[in-house]
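Thanks, everyone. I have a few slides on one structure, and I will keep to ring contacts and backbone angles. Please look at the picture first.

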Amino acid sequence: APGLSKKGNGYVMRPRKKGKVNIVVTGIDETTGKKVPLGKAQFRVKRIPDPKSYCGGKTGSASIKKIAFKSASTVQAKMDNFDFDIRVKVNSFVFSTTKSGEVMELKVNGNKLDSRCKALIGRAKKNQKFYLEKVKVRMPDGTTRQLAPLILKVI
């Protein structure tokens, strides 16, 4: 929830919107009992960038050896070159390929390459492309985002 909350010995501020936010810290003077300013700082609040989807250690449009693809168990979402340790989990994705001119498309809940996906990978031919699209992840702020597709060509 946005706003200020106590966590352990400190506080966590979750801003309501992007832009600049001023954090002002006050305390109580023990001798007078009055509030006194202890300091203030301005912070820039930015949207967390979209993570990248990965499978078998590959992202974007990449080639993958069939054995490596067969041994991959999940679709992951990772934050590349991001200063903070933020973990996101894949909620769902669409796994597809074309075989003999027919599009085979599977909707998968969760992040695991299920037995249906594994069966398609097991029958893959050299240079066959697999598409992992509509990869949906839940972000730490509670929003759901759809990531860029991942295209893997079996070599």
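I will go through the aromatic rings, then the lysines over rings, then two backbone angles.

One note before the details: this is a predicted model.

Let me start with the rings. How many aromatic pairs does a search of the whole structure find? The count is four. One of them is Phe-69 with Phe-130, an edge-to-face pair with 5.3 Å centre to centre and 80° between the planes. Where do these two rings sit along the chain? Phe-69 belongs to helix α1, residues 66–71, while Phe-130 belongs to strand β11, residues 129–138. They are 61 residues apart, so this pair links distant parts of the chain.

Are these two rings buried or exposed? Phe-69 has 0% relative accessibility, so it counts as buried. Phe-130 is also at 0% and therefore counts as buried.

Another pair on the list is Phe-82 with Phe-84. The arrangement is edge-to-face here too, with 5.7 Å centre to centre and 65° between the planes. As for accessibility, Phe-82 has a relative accessible area of 25%, so it is classed as partly exposed. Phe-84 has 59%, which means it is exposed, because the cut-off for that class is over 50%.

Back to Phe-69 and Phe-130 for a moment. Together with Phe-95, they form one aromatic cluster.

Next, the lysines over rings. Which residue lies over the face of Tyr-11? That is Lys-6, at 5.0 Å from the ring centre. For Tyr-54, the residue over the ring face is Lys-78, and the value to the ring centre is 4.7 Å.

Last topic: backbone angles. Most residues other than glycine have a negative phi. Ser-100 has a positive one, near 55°. Where is Ser-100 found? Its place is the loop between β9, residues 89–99, and β10, residues 102–109. With a relative accessible area of 79%, Ser-100 is exposed.

Lys-134 also has a positive phi, in this case near 50°. Lys-134 is located in strand β11, the strand that holds Phe-130 as well.

To recap the strand: β11 carries Phe-130, a partner in the edge-to-face pair with Phe-69, and it carries Lys-134 with its positive phi. In the loop between β9 and β10, the residue to look for is Ser-100.

That is what I have. Questions are welcome.

Terms used:
Residues are numbered from 1 along each chain as its sequence is written. This is a predicted model: local features need pLDDT of at least 70, side-chain atom pairs count only at pLDDT 80 or more; totals for chains, interfaces and linings use all residues. Side-chain values use heavy atoms; hydrogens and water are left out. Rings of Phe, Tyr and Trp (its six-membered ring) pair if their centres lie within 6.5 Å; planes under 30 degrees apart count as stacked, over 60 as edge-to-face and the rest as tilted. Helices (H or I, at least four residues) and strands (E, at least two) are DSSP runs, numbered from the N terminus. Buried means under 20% relative accessible area, exposed over 50%, partly exposed in between (1.4 Å probe, protein chains only). A charge sits over a ring if NZ of Lys or CZ of Arg is within 6 Å of the ring centre and within 35 degrees of the ring normal.
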